[in-house]
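Subject: Handover of a structure and notes on what was found

Dear colleague,

Please find below the structure that I am handing over to you. My notes on it follow, arranged by topic.

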Amino acid sequence: MLTFLKNFFSQRGIDCFAPILLSDCRIERPYLLERAGITDGTAILIAIPYYTAACNDPKRNISAYAVSRDYHGFFKELFNELLPALSKAFPQHRFTGFADHSPIAEVEAAAKAGLGIIGKNHLLITRKYSSYIFLGEVVTSAILPCKTQDVLDCENCGACIKACPAEKIGTCLSALTQKKGELTEAEQKIILQYGSAWGCDICQEVCPHTKRAIASGSIFTPIPYFEESTISRLTTKVLDELDEDAFSERAFSWRGRNTIRRNLLLFESEKGEKE
Ligand code: SF4
Ligand code: SF4
């Protein structure tokens, strides 16, 4: 089964995956496994890199993860192909897929499976792509050979903790950009000061693992989905040009158009620009 997966993934640019027994995972949502009829078996953790050339745009004003279309769409397409193919090839076993809403503690499981280390910023840091990855997994009732490792933490250089503005501004910047409704004058100033209309990558940007991955070029995703339809600098004009389908494919859609529009208008009214 692992050879089958390796072939399937390599045809799609996926090179960072590893199995771990469910019995070695911390199960956080058992009902998701029960619903799939799987009580024991293996989780195949998949790290999907998303950093593109557009993320290097110095004028980027949204978080790197929001530059491409939303990763849930990627996993949906992947699982729609992969799960029936697995069921056909291995009819004696059950298969299901998760991304985001997972039955297991994903970061810990990925580290135990050997995909990377856990950073002080609580993210999984992979060798090639640093922390610019999305995690998902295929869960199967099959027991696969696994090389479970001890969880390794990063070197604790402290750069992410030092650079994080949360303490200074009294809230997480990413959460603030996603807050619905009116912003206070102080909140508006914070968003303007940090220049992000959506999200915050500060703790990832300052990490030496990210700097190394950018310098070597290994950080860039080989997966075409994330290269297509990128938006590095969002404006109200670009936003207005997205029809409802295109808008719903974007990570910044989940708080509605008004939230991201409100943030963009802050920048545009400050600069008197309407790009
Ligand atoms: S997203 Fe930004 S503000 Fe929030 S915890 Fe991370 S570095 Fe700090
Ligand atoms: S910046 Fe330093 S402490 Fe933070 S995750 Fe990276 S290596 Fe670890």
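Which residue of β6 does Ile-46 stand opposite? Ile-46 faces Gly-136 in that strand. Please bear in mind throughout that this is a predicted model.

The strands around β2

The pairing of Ile-46 with Gly-136 belongs to a set of eight bridges that join β2 to β6, and these two strands run antiparallel. Strand β1, residues 17-21, is also joined to β2, here by five bridges, and again the direction is antiparallel. Within that pairing, Ile-20 stands opposite Ala-43 of β2.

Strand β2 covers residues 42-49, and eight of its eight residues are buried, so the strand is largely enclosed by the rest of the structure. Thr-42, Ile-44, Ile-46 and Ile-48 point one way from the strand, while Ala-43, Leu-45, Ala-47 and Pro-49 point the other way; all of them are buried.

The protein as a whole

The secondary structure comprises 14 helices and six strands. Along the principal axes, the C-alpha atoms fill a box of roughly 65 × 45 × 35 Å. For 275 residues, a compact globule would have a radius of gyration near 19 Å, and the 20 Å of this protein agrees with that. Buried residues account for 37% of the 275 residues. Of the contacts with a separation of 6 or more, 79% are between residues 24 or more positions apart.

Two domains

The domain assignment gives domain 1 (2-140) and domain 2 (159-218 + 228-271). Their C-alpha centres lie 24 Å apart. Where the two domains touch, 27 residues of domain 1 are in contact with 26 residues of domain 2. On the domain 1 side, the touching residues are eleven nonpolar, nine polar and seven charged.

The two ligands

Where does ligand 2 lie with respect to the domains? Both domain 1 and domain 2 give residues to the shell around ligand 2, so this ligand lies between them. The shell has 14 residues, of which Gly-119, Cys-154, Cys-157, Cys-160 and Cys-207 come nearest. Helices α5 (159-163) and α10 (208-216) are the elements that give two or more residues to it. By class, the shell around ligand 2 holds seven nonpolar, five polar and two charged residues.

Ligand 1 is surrounded by Cys-164, Pro-165, Ala-166, Cys-172, Leu-173, Ser-174, Cys-200, Ile-202 and Cys-203. Here the elements that give two or more residues are α7 (173-177) and α9 (202-205). The shell around ligand 1 divides into eight nonpolar residues, one polar and no charged.

Two residues with positive phi

Two residues deserve a separate note for their backbone angles. Ser-130 is not a glycine, yet its phi is positive, at about 50°. Ser-130 sits in the loop between β5 (124-125) and β6 (133-140). Is Ser-130 buried or exposed? Ser-130 has 26 C-beta neighbours inside 10 Å and therefore counts as buried.

Asn-156 is likewise not a glycine and has a positive phi, of about 55°. The loop that holds Asn-156 is the one between β6 and α5. Asn-156 has 10 C-beta neighbours inside 10 Å, so it counts as exposed.

A contact across the sequence

The last item concerns Leu-32, which is found in helix α2, residues 30-35. With 17 other C-beta atoms within 10 Å, Leu-32 is partly exposed, because a residue counts as buried at 20 or more such atoms and as exposed at 12 or fewer. Which residues is Leu-32 in contact with, leaving aside its neighbours within four places in sequence? They are Phe-98 and Pro-103. In addition, the C-alpha atoms of Leu-32 and Ser-102 are separated by 7.6 Å, although the two residues are 70 residues apart along the chain.

With kind regards

Definitions and conventions:
Residues are numbered from 1 along each chain as its sequence is written. Chains are lettered from A and ligands numbered from 1 in the order in which they are written. This is a predicted model: local features need pLDDT of at least 70, side-chain atom pairs count only at pLDDT 80 or more; totals for chains, interfaces and linings use all residues. A residue is near a molecule or strand if its C-beta atom, placed from the backbone, lies within 6 Å of it. Helices (H or I, at least four residues) and strands (E, at least two) are DSSP runs, numbered from the N terminus. Ala, Val, Leu, Ile, Met, Phe, Trp, Tyr, Cys and Pro count as nonpolar, Asp, Glu, Lys and Arg as charged, and the others, Gly among them, as polar. Domain bounds come from an automatic or database domain assignment. The radius of gyration is taken over C-alpha atoms; the globule rule is 2.2 Å times the number of residues to the power 0.38. Two residues are in contact if their C-beta atoms, placed from the backbone, lie within 7 Å. Two strands pair if DSSP finds at least two bridges between them.
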